[in-house]
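Okay, thanks for coming, everyone. I'll put a structure up and talk you through it for a few minutes.

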Amino acid sequence: MFKVLLAAAILSFSCHLCNCAVKTAYVHLRDPSGSTEVTGELNFTQTANGVRIHGKILGIHEGLHGGHVHESANIGRSCAGAGGVFNPHNVPHGSPKDKIRTVGDLGNVVADEYGVAVVDFFDDLVRLNTDVDGVIGRSYVIHEKEDDLGRGNNKESKTNGNCGGLIACGVIEVLEED
Ligand SMILES: *[C@@H]1O[C@H](CO)[C@@H](O)[C@H](O)[C@H]1NC(C)=O
Ligand SMILES: [Cu+2]
């Protein structure tokens with residue numbers, strides 16, 4: 001009995017020493033300026049088919065809005081502190097379906113006439129860790145306008161998809177580890 005307890009204790013202790021895989025991460029979205037009522041919650045769940053990003057965003061205007069992982073967790077200055085789209089390999093901005101795209105390029109979310117965007121998709125570049133190309137400890141940002149996914153005819157299209165201001169953001173944090 002004692003041996004079993006000891007083994008269990010060592011196991012649970014060592015879990016905090018090892019590089020445990022993150023199973024689920026989450027982000028709570030809000031407008032840090034406090035000037036709008038945007039709220040949202042997304043979960044990032046590791047699956048065999050990549051990371052599933054699912055949840056709901058409330059209080060944004062009807063239509064498409066760029067939704068990206070941005071560089072840092074510093075969401076001050078109304079989300080601008082988070083920097084640009086998370087781009088660890090320094091490639092042009094694109095669609096999540098493109099072969100070449102930044103890790104942060106997660107396309108658009110679509111809000112209905114009630115301002116509700118239901119989000120549910122899989123991504124195979126997103127990594128739930130804190131490595132140079134991992135998204136834990138970075139932020140997720142919702143933009144004012146539609147992301148043109150790099151298809152616009154100007155320079156901005158290849159960096160931010162012409163999706164305008166930042167309307168909500170939050171830090172991507174660990175929810176559950178193996
Ligand atoms: C995210 O995961 C947590 C914990 O499992 C759960 O309580 C919550 O409802 C989930 N949220 C969404 C939007 O799926
Ligand atoms: Cu962005």
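Take the contacts between residues at least 6 apart in sequence: 61% of them join residues at least 24 apart. Keep in mind as we go that this is a predicted model.

So what is the protein built from? Its secondary structure comes to 1 helix and 9 strands. Reading from the N terminus, the order is α-β-β-β-β-β-β-β-β-β, with the helix at the start. There are 178 residues in the protein, and 34% of them are buried.

Now for the core. The largest nonpolar core has 32 residues. Which of them touch the most other members? That would be Leu29, Phe44, Tyr140, Val141, Ile142 and Cys169. As for the elements, those giving two or more residues to this core are β1 (22-30), β2 (39-47), β3 (50-58), β5, β7 (139-143) and β8 (166-171). If you're wondering about the background here, nonpolar side chains in soluble globular proteins tend to be buried together.

Let's stay with Tyr140 for a second. Setting aside neighbours within four places in sequence, Tyr140 is in contact with Val27, Leu29, Leu42, Gly67, Val69, Cys169, Gly170 and Ile172. Two of those names, Leu29 and Cys169, you've just heard in the list of best-connected core members.

Next, strand β5, residues 105-111. Of its 7 residues, 6 are buried, so the strand is largely enclosed by the rest of the structure. Its partner here is β4, residues 63-70: the two run antiparallel, and 5 bridges join them. If you want a spot to look at on screen, find His65, which stands opposite Val109 in β5.

On to the ligand. What surrounds ligand 1? The shell is Tyr26, Glu41, Asn43, His54, Gly55, Lys56 and Leu175. By type, that's 2 nonpolar, 3 polar and 2 charged residues. Both β2 and β3 supply at least two residues of this shell, and β3 gives the most, with 3.

While we're on those strands, have a look at Thr39, which sits in β2. Thr39 has 16 C-beta neighbours inside 10 Å, so it counts as partly exposed. Leaving out neighbours within four places in sequence, its contacts are Leu29, Arg30, Leu58 and Gly59. There's also a link back to the ligand shell, since Lys56 is one of the shell residues: Thr39 and Lys56 are 17 residues apart in sequence, and 8.6 Å separates them in space, C-alpha to C-alpha.

Last stop: the loop between β7 and β8, which is where you'll find Leu149. Most residues other than glycine have a negative phi. Leu149, though, has a positive phi, near 60 degrees. Is Leu149 buried or exposed? It has 21 other C-beta atoms within 10 Å, so Leu149 is buried.

Asn162 is found in the loop between β7 and β8 too. Asn162 isn't a glycine either, and its phi is positive, at about 55 degrees. With 22 other C-beta atoms within 10 Å, Asn162 counts as buried.

That's my tour, so over to you for questions.

Methods. Residues are numbered from 1 along each chain as its sequence is written. Chains are lettered from A and ligands numbered from 1 in the order in which they are written. This is a predicted model: local features need pLDDT of at least 70, side-chain atom pairs count only at pLDDT 80 or more; totals for chains, interfaces and linings use all residues. A residue is buried if 20 or more other C-beta atoms lie within 10 Å of its own, exposed if 12 or fewer, and partly exposed in between; C-beta atoms are placed from the backbone. Helices (H or I, at least four residues) and strands (E, at least two) are DSSP runs, numbered from the N terminus. Two strands pair if DSSP finds at least two bridges between them. A nonpolar core is a set of buried Ala, Val, Leu, Ile, Met, Phe, Trp, Tyr and Cys residues joined through C-beta atoms within 7 Å. Two residues are in contact if their C-beta atoms, placed from the backbone, lie within 7 Å. A residue is near a molecule or strand if its C-beta atom, placed from the backbone, lies within 6 Å of it. Ala, Val, Leu, Ile, Met, Phe, Trp, Tyr, Cys and Pro count as nonpolar, Asp, Glu, Lys and Arg as charged, and the others, Gly among them, as polar.
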